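Morning, everyone. I have one structure to walk you through today. Please pull it up and follow along.

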Amino acid sequence: MPYAKIIGSGGYLPPRVVTNDELAAELATRNIETSDTWIVERTGIRQRHIADPGATTSQLATRAAQAALADAGIDAGELDLIIVATSTPDFVFPSTACLVQANLGAKGGAAFDVQAVCSGFVYALATADAFVRAGRAKTALVIGAEVFSSILDWSDRSTCVLFGDGAGAVVLKASEEPGIMAAQLNADGSQMKILCAAGNVAHGKVVGDPFLRMDGQAVFKLAVTSLTQSALDVCKEADVSLEAIDWLVPHQANVRIINFLGRRLNIPDEKVVVTVDHHANTSAASVPLAFDEARRDGRIKPGQTVLMQGVGGGFTWGSVLTRV
Ligand SMILES: CC(C)(COP(=O)(O)OP(=O)(O)OC[C@H]1O[C@@H](n2cnc3c(N)ncnc32)[C@H](O)[C@@H]1OP(=O)(O)O)[C@@H](O)C(=O)NCCC(=O)NCCS
């Protein structure tokens with residue numbers, strides 16, 4: 001059975017950077033109080049990239065995909081599978097993956113979206129891995145992309161300071177050597193209310209609440225426990241010890257969650273990729289953006305073992321353990 005091996009990665013961040021001070025000044029004009037000090041202390045976030053009005057998830061996803069294909073040296077025509085993880089799709093349908101396929105000039109392969117919020121990329125990567133392992137795809141493009149700024153309630157300071165926009169992508173190819181060694185996905189739908197955007201479009205109107213709502217403390221606690229267990233489970237499945245992990249690339253929601261996780265797993269800070277300070281939480285894009293950044297700056301090297309982890313609304317969580 002072939003492995004699925006990551007042979008390229010890419011990322012795209014919209015050019016507009018909004019620092020905490022800039023955001024605090026903008027919120028102050030509407031009598032909403034926040035500060036760089038509060039945001040940095042509670043989250044580690046210093047800035048985020050925000051897409052211009054009208055920019056779409058498929059546009060960001062296409063830019064990341066083009067960078068990943070160039071890095072892999074693969075022509076879009078070779079792709080037989082495209083999966084986009086997003087909670088901010090351009091349309092109800094068709095899927096963002098179909099829009100990206102058209103933008104890339106590819107045709108004929110499977111293309112679909114995965115919806116698992118901030119766990120989306122890990123869900124999509126595990127799904128693509130299963131396709132490749134089963135012989136149903138040979139060359140796959142997996143993207144996490146979001147315009148999360150479009151579902152934020154900018155009058156709710158407890159959520160609007162936490163998120164940003166962006167896209168990250170990897171190209172997978174069938175290979176005789178590992179490759180993705182194990183993957184593990186979980187959900188607990190009974191926790192849907194702690195993080196949701198419970199709105200819909202029906203009969204020409206928005207029905208329900210179109211904005212993201214969150215119980216921050218409940219999410220914090222569940223994120224730490226579920227990611228700890230997931231890391232242990234995926235390592236057990238692959239028969240790889242935690243000490244053998246060269247890099248932990250966790251979902252970038254909050255530096256305090258990441259630090260708790262590292263301590264619980266006994267993984268030192270030097271082995272943990274952190275981008276939340278300059279990207280904020282880009283939901284499904286956060287893991288591939290962090291992976292791409294660390295790969296391009298030479299931290300993640302060929303042959304190393306990388307643990308990627310996602311967690312978010314649903315409630316969902318999961319891990320992918322891979323050799324790069
Ligand atoms: C959201 C989060 C940063 C809040 O931090 P916290 O330490 O739990 O803070 P609390 O919610 O208890 O709020 C503490 C105070 O800060 C205030 N506050 C909330 N947001 C604020 C902001 N942006 N600026 C200033 N004050 C703020 C609250 O109103 C509250 O004030 P009060 O004590 O007068 O009522 C934290 O819970 C968190 O990061 N949770 C996980 C969220 C996450 O990662 N979600 C995505 C997962 S995919």
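Start at the ligand. In this predicted model, 22 residues surround the ligand. The closest are Thr34, Arg42, Gly216, Gln217 and Asn254.

Now the polar contacts. Arginine 42 has a side-chain N or O atom 2.7 Å from an oxygen atom of the ligand. Tryptophan 38 puts a polar side-chain atom 3.3 Å from a ligand nitrogen. Arginine 157 uses its backbone: a polar atom there lies 2.9 Å from a nitrogen atom of the ligand.

How much of the ligand does the protein bury? Taken alone, the ligand exposes 960 Å². The protein buries 73% of that.

Which elements build the shell around the ligand? Four of them give two or more residues: α2 (36-43), α6 (157-160), α7 and β14. The largest share comes from α7, with 4 residues.

Keep α7 in view. We move to the nonpolar core.

As a general point, nonpolar side chains tend to be buried together in soluble globular proteins. Here, the largest nonpolar core holds 47 residues. Val161, Leu307 and Leu321 touch the most other members. Two or more residues come from each of α1 (20-28), β8 (180-187), α7 (216-238), α8 (255-265), β14 (305-312) and β15 (316-323). Again α7 gives the most, this time 8 residues.

Why does this core lie between the two domains? Domain 1 spans 3-177, and domain 2 spans 181-323. Both give residues to the core, so it lies between them.

Zoom in on leucine 307. Set aside its neighbours within four places in sequence. Leucine 307 is then in contact with Ala231, Val234, Ile245, Trp247, Leu248 and Val249. Add Ser319, Val320 and Leu321 to that list.

There is another core, apart from this one. That core has 34 residues, among them Ala4, Leu81, Ala124 and Val306.

Last stop: aspartate 292. Find it in helix α10, residues 286-296. Buried or exposed, then, for aspartate 292? Its relative accessibility is 7%. The cut-off for buried is under 20%, so aspartate 292 counts as buried.

And what does aspartate 292 touch? Not counting residues up to four places away in sequence, the list is Ser9, Gly10 and Gly11. With glycine 11 there is a polar contact: the aspartate 292 side chain reaches the backbone nitrogen of glycine 11 at 3.2 Å.

To recap: α7 gives the largest share of the ligand shell, and α7 also gives the most to the largest nonpolar core. Thanks. Over to you.

Definitions and conventions. Residues are numbered from 1 along each chain as its sequence is written. This is a predicted model: local features need pLDDT of at least 70, side-chain atom pairs count only at pLDDT 80 or more; totals for chains, interfaces and linings use all residues. Side-chain values use heavy atoms; hydrogens and water are left out. A nonpolar core is a set of buried Ala, Val, Leu, Ile, Met, Phe, Trp, Tyr and Cys residues joined through side-chain atoms within 4.5 Å. Buried means under 20% relative accessible area, exposed over 50%, partly exposed in between (1.4 Å probe, protein chains only). Domain bounds come from an automatic or database domain assignment. Contact means heavy atoms within 4.5 Å. A polar contact is a pair of N or O atoms within 3.5 Å; within protein, one must be able to donate a hydrogen and the other to accept it, and residues adjacent in sequence count only if both atoms are side-chain atoms. A residue is near a molecule or strand if one of its heavy atoms lies within 4 Å of it. Accessible areas come from the Shrake-Rupley method with a 1.4 Å probe; for residues, only the protein chains shown count as cover.
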